[in-house]
Amino acid sequence: MKKKITQLIEKIKRNKVLSAGIGYTIGNYLLKGLGFITVPIFSRIMEVSDYGTYNTFLSYESMLYLFVGLALHSSIKNAKYKYGDDKLNAYTSSITLIPLGISAFMLISGNILFHFISKVIKIGRLEYSLLVIYCLCSSLLYIYQSRLIIEYKTNKYLWVSYFNAIVSIICSVFLIQSVFVEKKYLGRILGTVIPMVMIGAWILYNLYKESRPNVELKYWKFGLKISLPIIPHGIGQVILTSFDRIMITNILGATQAGLYSFAYTLYSIILVAGNSISSVFEPWAYEMISSGKVGALKKRATQYTMLLAVISSGVMLIAPELVVILGSEKYLGSIPAISPIMFAGFFMMAYSLPATIEYYHEKTVYIAFGTSAAALINIILNAALIPQHGYVAAAYTTLISCALYFIFHCFVSYKIAKYSIIPIKTLFASVLLLTISAILSQVFKETIVIRFLWAAVVGGIGIGVIMKYFKLGEE
């Protein structure tokens, strides 16, 4: 038995893709574990309205950073194939000048015209300045992480993430408890921004040490050609997953937004799994597509899809217990929103599989169109239903929009590649599993035994399917 385990470990080490994938997933879950450990702390030392205000700030950041960074991180993979490894340092350093220039312009002009800006985004001058700085650092971090991912530098990737999480927690708790007792949301915001500024400075130092930044128009043109169509896509994703919090804040108030935001905290469970696997899957999928290994691609897509379905179902089924553990009784109102949010999260993560085909063939205009259309549907549904049915309606409008979003990308990728990257039977089984889990989680929310028994069945199904296609000797 010991010999088999040793052989298994050696096989994993030799397969850089598998090793990196396991490293990102486990490491990011340990990292996210720090976040989950602190949820009970912040949910108790902050009022629900403070929690909602902070999460609304994050929603603004997730949209504004696209205009600061222009989604240039999305061009790194293509630049590697276009210019080769020897010019990748020069390319990366050059494109960082773009977000630096944009953020400087936004800081100066935004503060001059702040009277008008405050009417739109409804935040203070200090919060606006912190928002722009945070967006700049986020853009630099995404660029740097994209480099680390394609080079399979798992340790550096995780080191940056751990530093950000740990310092953010320490700073936030200190500032909330000692400096911003009356404005706790501001302490949380500053505690989030400070470590990102430190990381941003460190990233620039490392990149510029390797290659001095120069204005290279050919790099800028190539990067913008790939990334600009991604901006509507990115905005659409924010609308699908974050803009509803802004609408809830404006329509119902910060307290209701706080309840909805807490439900989204559990969504981060599947978000970690999806992002970790997707980070490694995408560059590997490029290699498989270019070499025509469609069979291997579909098998890995099956594993990925089923894993997301199992994790989403599991969170749905134990949601009441998670709310009690991570929050307190004041967050019990978030429970009805969790199942539809987790179902929507599955579609949001699984979309990256067919989208890989679109990215590889540089058909990013389809990505932008699909996301923008889904976002528009989401806004219309939210505007119609939130005033009448409350914040829970936003969870169901997100589910509808994300499902349509996923279907569109599956259709487009099939038209481009002439094959479905996710086998139909895998997709059907995943959706069926999620539907049953969602129904049971709602109907039997007071009956723990039934929910936990089904959770055990879901876990067994997931392990069985994943192991069926788990061949370490494969690419």
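Colleague: What makes Tyr 144, Trp 159, Phe 163 and Trp 202 a cluster?

Modeller: Ring pairs link Tyr 144, Trp 159, Phe 163 and Trp 202, where rings of Phe, Tyr and Trp (its six-membered ring) pair if their centres lie within 6.5 Å. This is a predicted model, in which local features need pLDDT of at least 70 and side-chain atom pairs count only at pLDDT 80 or more, while totals for chains, interfaces and linings use all residues. Residues are numbered from 1 along each chain as its sequence is written, and side-chain values use heavy atoms, with hydrogens and water left out.

Colleague: Why is the pair of Tyr 260 and Tyr 391 called edge-to-face?

Modeller: The planes of Tyr 260 and Tyr 391 stand at 80°, with 6.4 Å centre to centre, and planes over 60 degrees apart count as edge-to-face, those under 30 as stacked and the rest as tilted; the pair is therefore edge-to-face.

Colleague: How do you know that Tyr 260 is buried?

Modeller: Tyr 260 has a relative accessible area of 0%, and buried means under 20%, exposed over 50% and partly exposed in between (1.4 Å probe, protein chains only), so Tyr 260 counts as buried.

Colleague: Why are α16 and α19 called roughly parallel?

Modeller: Helix α16 (residues 335-350) and helix α19 (residues 392-417), which are DSSP runs (H or I, at least four residues) numbered from the N terminus, pack at an angle of about 20°. Angles under 35 degrees count as roughly parallel, over 145 as roughly antiparallel, 65 to 115 as roughly perpendicular and the rest as oblique, and α16 and α19 are therefore roughly parallel to each other.

Terms used
Axes are lines fitted to C-alpha atoms, for helices over the stretch in contact, and angles run from 0 to 180 degrees between N-to-C directions. Helices (H or I, at least four residues) and strands (E, at least two) are DSSP runs, numbered from the N terminus.
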